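Student: Before the assignments in this model are accepted, the criteria behind them should be examined. May we proceed through them in turn?

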Amino acid sequence: MGRSAVAIAAGCAVVACVASAMMVGRRARRWRGWSRVVRVLEEFEESCATPVGRLRQVVDAMVVEMHAGLASEGGSKLKMLLTYVDTLPTGNEEGIYYALDLGGTNFRVLRVKLGGQPSAVIGCEIDEQPIPEQLMTSTSEELFDYIAATLKDFVDRENETSEPSRGGGRELGFTFSFPVKQTSLSSGTLIRWTKRFSIEDMVGRDVSQSLQQEMSLKGLNMRVSALINDTVGTLALGRYHDEDTVAAVIIGTGTNACYLERADAIIKCQGLFSNSGGMVVNMEWGNFWSSHLPRTKFDVDLDADSQNPNDQGFEKMISGMYLGDIVRRVMLQMSQESDVFGPASSKLHEPFILRTPLMAAMHEDDSPDLREVARILRDILEIPDVPLNVRKLVVKVCDVVTCRAARLVAAGIVGILKKIGRDGSGGITSAKMKPLRQDRIKRTVVAIEGGLYTNYTMFREYLNEAMEQILGEDITPHVIIKITEDGSGIGAALLAASRASSSAVGAL
Ligand code: ADP
Ligand code: MG
């Protein structure tokens with residue numbers, strides 16, 4: 001059985017179990033309000049539905065918004081930010097490069113040794129630590145002093161025999177995963193902080209310059225040669241290993257995507273200089289919105305209760321930060337309309353108590369009596385003694401939420417492919433020409449990264465299944481989704497290398 005068949009089979013099995021649970025429930029009338037709970041589930045499932053026709057509407061909406069965001073500043077909820085990355089690694093890069101990664105779970109310093117062809121990372125040392133909590137809300141000087149000091153310690157510990165990169169100085173790629181208005185490949189100003197960081201004096205200031213100043217004070221002979229975000233780093237790493245890589249997608253706590261665009265298609269920046277005729281565009285796609293997205297009242301409530309209402313609408317339907325909480329909200333409504341979960345648990349009122357990894361563990365519980373579901377309901381939500389039929393109901397809610405999320409990501413990816421003519425839709429339609437068309441379809445790779453995608457099997461399977469349904473059987477084999485881990489670290493070093501290496505010019 002293929003991967004997608006497994007996903008369908010699993011989905012059907014859940015539906016069948018819940019249906020039989022419903023029948024048992026109706027017959028036995030064990031629980032007050034069982035039929036109301038069934039109605040909550042049915043309505044929820046219906047409003048989350050993503051038949052392929054609707055996914056195609058989302059694909060087209062994504063393309064329209066991409067055009068609008070490229071046409072003018074503020075033309076779309078998709079910011080379509082310029083990155084000034086116009087050359088990507090070729091695989092020929094050689095030497096030692098450094099990277100800083102700030103904005104993920106931990107702060108990291110990397111030293112990467114590149115061995116030239118064929119795409120050989122022959123050494124990588126990483127120093128990883130959480131940023132001290134008080135620095136997240138201190139001053140920019142304190143934060144960058146800490147970063148530069150950590151970097152200096154790291155460099156001082158280097159093996160004495162290791163040669164620095166060309167010219168005696170050291171090239172540094174800086175992954176800074178916060179919204180930045182880029183002014184060149186190596187500079188940009190902070191638009192705003194996210195993820196618990198809040199250092200007011202930094203907003204509007206140049207990120208690289210702030211770091212550069214602190215590095216000079218410490219006598220570090222290093223140059224920030226690329227300032228990027230994690231999505232761009234993932235694209236760089238993907239490209240380093242596979243020259244057919246055209247886009248990168250992150251699906252972790254949050255979500256974002258970037259891709260290679262023709263410079264002349266970036267209308268809002270006429271006359272943009274590009275060595276290669278192309279440029280990587282950071283879509284900031286978490287903020288995508290379209291009336292075709294299947295939105296439920298639970299999404300509306302989640303948005304209203306969030307720190308950023310009306311923002312990041314797409315992200316709130318698909319990323320790891322939110323999926324568990326949508327499930328919690330549906331369960332809360334079920335508990336308010338019935339006693340299937342027994343006496344009301346106050347835990348169900350607690351936002352984000354049901355983290356997405358827990359939700360995934362319930363969804364993927366393959367024990368016959370759904371032991372893991374029972375454990376999580378008991379230990380996390382303080383709902384003990386939940387009968388098997390009700391556990392199945394919970395699994396079904398998880399399934400609906402994840403299925404919708406994964407299918408919407410698939411539609412987003414196909415939207416990017418359509419925008420750059422890699423979805424096969426612009427091809428020849430005549431059946432007679434089919435073999436010719438097959439020949440013309442270019443192999444297309446999308447680099448993908450993030451804990452939700454890499455750790456959640458059902459999510460991956462639903463995503464693959466939807467890609468196949470939207471693209472059709474002719475195109476699907478030519479589109480490859482490749483897990484590309486650690487783009488935010490190694491990818492930044494690669495871009496520093498790519499800039500240093502003149503051989504990379506014209507590589508897009
Ligand atoms: P970040 O997004 O912070 O850079 P990751 O890419 O590692 O970090 O993604 C972490 C996110 O992935 C978590 O917030 C969680 O939502 C999701 N996640 C992690 N493990 C799992 C899992 N086993 N099942 C489902 N989702 C997971
Ligand atoms: Mg990350």
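Tutor: A polar contact is a pair of N or O atoms within 3.5 Å. The model under discussion is predicted.

Student: What makes the pair formed by asparagine 455 and ligand 1 a polar contact?

Tutor: A polar side-chain atom of asparagine 455 lies 3.1 Å from a nitrogen atom of ligand 1. The limit is 3.5 Å, so the pair of asparagine 455 and ligand 1 qualifies.

Student: Which backbone atoms lie 2.9 Å or 3.2 Å from an oxygen atom of ligand 1?

Tutor: For glycine 451, a backbone N or O atom is 2.9 Å from an oxygen atom of the ligand; for glycine 320, the corresponding distance is 3.2 Å. Taken alone, ligand 1 exposes 570 Å², of which the protein buries 68%.

Student: How are the residues of the shell around ligand 1 divided by polarity?

Tutor: The shell has four nonpolar, eight polar and no charged residues. Glycine counts as polar, and the residues around the ligand include Gly252, Gly320, Gly450 and Gly451. Helix H10 (356-363) and helix H14 (451-455) each contribute at least two residues to this shell.

Student: Why are strands S4 and S8 said to stand at the edges of the sheet?

Tutor: The five strands form an open sheet in the order S4-S3-S2-S5-S8, with mixed pairing. Strand S4 (121-129) and strand S8 (222-228) each have a single partner strand, so one side of each lacks a neighbour in the sheet.

Student: How do you know that S2 and S5 pair?

Tutor: Pairing requires at least two bridges; five join S2 (residues 94-102) to S5 (residues 170-176), and these strands run parallel. Aspartate 101, for instance, has threonine 175 in S5 as its bridge partner.

Terms used. Residues are numbered from 1 along each chain as its sequence is written. Chains are lettered from A and ligands numbered from 1 in the order in which they are written. This is a predicted model: local features need pLDDT of at least 70, side-chain atom pairs count only at pLDDT 80 or more; totals for chains, interfaces and linings use all residues. Side-chain values use heavy atoms; hydrogens and water are left out. Helices (H or I, at least four residues) and strands (E, at least two) are DSSP runs, numbered from the N terminus. A residue is near a molecule or strand if one of its heavy atoms lies within 4 Å of it. A polar contact is a pair of N or O atoms within 3.5 Å; within protein, one must be able to donate a hydrogen and the other to accept it, and residues adjacent in sequence count only if both atoms are side-chain atoms. Accessible areas come from the Shrake-Rupley method with a 1.4 Å probe; for residues, only the protein chains shown count as cover.
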